[in-house]
Amino acid sequence: MRKLLNTIYVTNEQAYLTLDGENLVCKIDGTEKLRIPFENIENVVCFNYVGCSPALMGKCVGKTIPINFISPQGKFLAKVCGETKGNVFLRVAQIDCFREQGLALAQNTMAAKFSNTRQLLRRSLHDNAGLREDEKISDVLNILKDGIDKVFQAKSMEEITGIEGNCARAYFSVFQKLITNQKVPFTFEFRTKHPPLDPVNAVLSFVYTLATVEFAAALETVGLDSYIGFCHALRSGRSSLACDLVEEIRCIAERFVLTLLNLQIIGKDDFEKQISGAVWLNAEGRKKVLARWQEKKRSDMVHPYLKQKIPMGLLPYVQSNLLAKYVRGDLESYPPFLQK
């Protein structure tokens, strides 16, 4: 089993990363603030504008440690990574497989997403007796169940996209009800992405970005091309396959966000609003979310397919490896992640 190593999050906008022998060094205003050996690093995520030295980027490329550049607001900008591990035959098989089986893969992935969303709602009903008689939540549970049936009847990606959109609108129409702590100082009305227009959307977008970055790194590790997907349309610069697999674990990200809100780990002082109306996590807010996300990644879970206990942070690598086995023909079908 792969060892869960450190993801380095650089949150200070003035930080500069450089190389010293076999160590990554972080400096701020010329003063060394962090030194960590490369053998302890699996991923680097930079929320800064100063950047990295060419020597460091070269070292990371050689060790296949991806460096992800994300704006301080949480928007993915670019990624520097080395040669994809694995051989060219796997990537050719990936393209052939997705062309032939892309619809079936998308059906399974979206059905898993809807099922996992239903599990999130059911858990919320279990934890909050006051929600159990809520008719709107019951309606959404039925819409999601119906969505699972419909997605397997779909004949095209356009149909699947329409079904997913309808289920997502229904789900987010009751998301505010899941924020059960009455002391939370803000509300959620509907999902806004580019940009997020309220604090809840800001945290959702930020955590989705973190999850996508981690899936992209995992896919590169197992030898799959993260830019060639089966569900999301191909787009230059977008890790479409990572976006596909993230659909299966959005329930984990959303549950995580609800926990941050209901426990008041983040509050109104952790956000900044732009003149344009966009709302972003500020530096302190990002630190809080990242600290808790790292804790979440180290918590144990039993993988529903492997029946083995793994750290949550290894889930992207497990799902990527299962997909690679399917592409190679070692598995008859790809088992999407299903929340129990």
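Good morning. I begin at a helix contact: Val140, Ile143, Leu144, Gly147, Lys150 and Val151 of helix 3 meet Ile160, Ile163, Asn166, Cys167, Ala170 and Tyr171 of helix 4. Of the residues in this contact, 9 are nonpolar, 2 are polar and 1 is charged. I should state at once that the model is a predicted one.

Let me turn to the geometry of that pair. Two packed helices are described by the angle between their axes and the distance between those axes. Helix 3 covers residues 135–151 and helix 4 covers residues 157–172; their axes come within 9 Å and cross at roughly 170°. An angle over 145 degrees counts as roughly antiparallel, and helix 3 and helix 4 are therefore roughly antiparallel to each other.

Helix 4 has a further partner to consider. Helix 2, residues 88–127, packs with helix 4 at an angle of about 10°, and the axes are 10 Å apart. Helix 2 is therefore roughly parallel to helix 4. From helix 2, the contact draws on Leu103, Ala106, Gln107, Met110, Lys113, Phe114, Thr117, Leu120 and Leu121. From helix 4, the residues are Met157, Ile160, Ile163, Glu164, Cys167 and Tyr171. Sorted by class, this contact holds 11 nonpolar, 2 polar and 2 charged residues.

Please note Lys113 and Glu164, which both belong to the contact of helix 2 with helix 4. Lys113 and Glu164 are also linked with Glu247 and Arg250 in a network of salt bridges.

That leads to the charged pairs. Side chains of opposite charge can pair when their charged atoms come close. How many salt bridges does a search of the whole structure find? The search finds 15. I shall describe three examples.

The first example is Arg123 with Asp127, where the closest N and O atoms are 3.9 Å apart. Arg123 and Asp127 are 4 residues apart in helix 2, so about one helical turn separates them. Arg123 is partly exposed, with a relative accessible area of 48%, and Asp127 is likewise partly exposed, at 44%.

The second example joins the side chains of Glu32 and Arg35, at 3.0 Å from N to O. Glu32 is partly exposed, with a relative accessible area of 40%. Arg35 counts as partly exposed too, at 38% relative accessibility.

The third example is the salt bridge between the side chains of Asp330 and Arg328, at 3.4 Å from N to O. Arg328 counts as partly exposed, with 42% relative accessibility.

Arg35 brings us to the sheet, since it lies in strand 4, opposite Val25. In what order do the 3 strands of this open sheet stand? The order is 2-3-4, and the pairing is antiparallel. Strand 2, residues 15–20, and strand 4, residues 31–37, stand at the edges; each has a single partner strand, so one side of each is left without a neighbour in the sheet. From one strand to the next, the twist averages 25°. Strand 3, residues 23–28, is joined to strand 4 by 6 bridges, and the two run antiparallel. Helix 1, residues 54–62, lies across strand 2 and strand 3 and runs at about 65° to strand 2.

I close with the backbone. Most residues other than glycine have a negative phi, and most peptide bonds are trans. Three places in the model deserve a look against that background.

Which peptide bond is cis, with omega near 0°? The bond from His194 to Pro195 is cis. Pro195 is found in the loop between helix 4 and helix 5, the latter being residues 199–222.

Next comes Gln264, which has a positive phi of about 55° although it is not a glycine. Gln264 lies in the loop between helix 6, residues 240–262, and strand 8, residues 271–273. Its relative accessible area is 39%, so Gln264 is partly exposed.

Finally, Lys307 is a residue other than glycine with a positive phi, near 60°. Lys307 sits in the loop between strand 10, residues 300–302, and strand 11, residues 309–311. Is Lys307 buried or exposed? At 61% relative accessibility, Lys307 counts as exposed.

Thank you for your attention.

Conventions:
Residues are numbered from 1 along each chain as its sequence is written. This is a predicted model: local features need pLDDT of at least 70, side-chain atom pairs count only at pLDDT 80 or more; totals for chains, interfaces and linings use all residues. Side-chain values use heavy atoms; hydrogens and water are left out. Axes are lines fitted to C-alpha atoms, for helices over the stretch in contact, and angles run from 0 to 180 degrees between N-to-C directions. Angles under 35 degrees count as roughly parallel, over 145 as roughly antiparallel, 65 to 115 as roughly perpendicular and the rest as oblique. Contact means heavy atoms within 4.5 Å. Ala, Val, Leu, Ile, Met, Phe, Trp, Tyr, Cys and Pro count as nonpolar, Asp, Glu, Lys and Arg as charged, and the others, Gly among them, as polar. A salt bridge is a side-chain nitrogen of Lys or Arg within 4 Å of a carboxyl oxygen of Asp or Glu. Buried means under 20% relative accessible area, exposed over 50%, partly exposed in between (1.4 Å probe, protein chains only). Two strands pair if DSSP finds at least two bridges between them.
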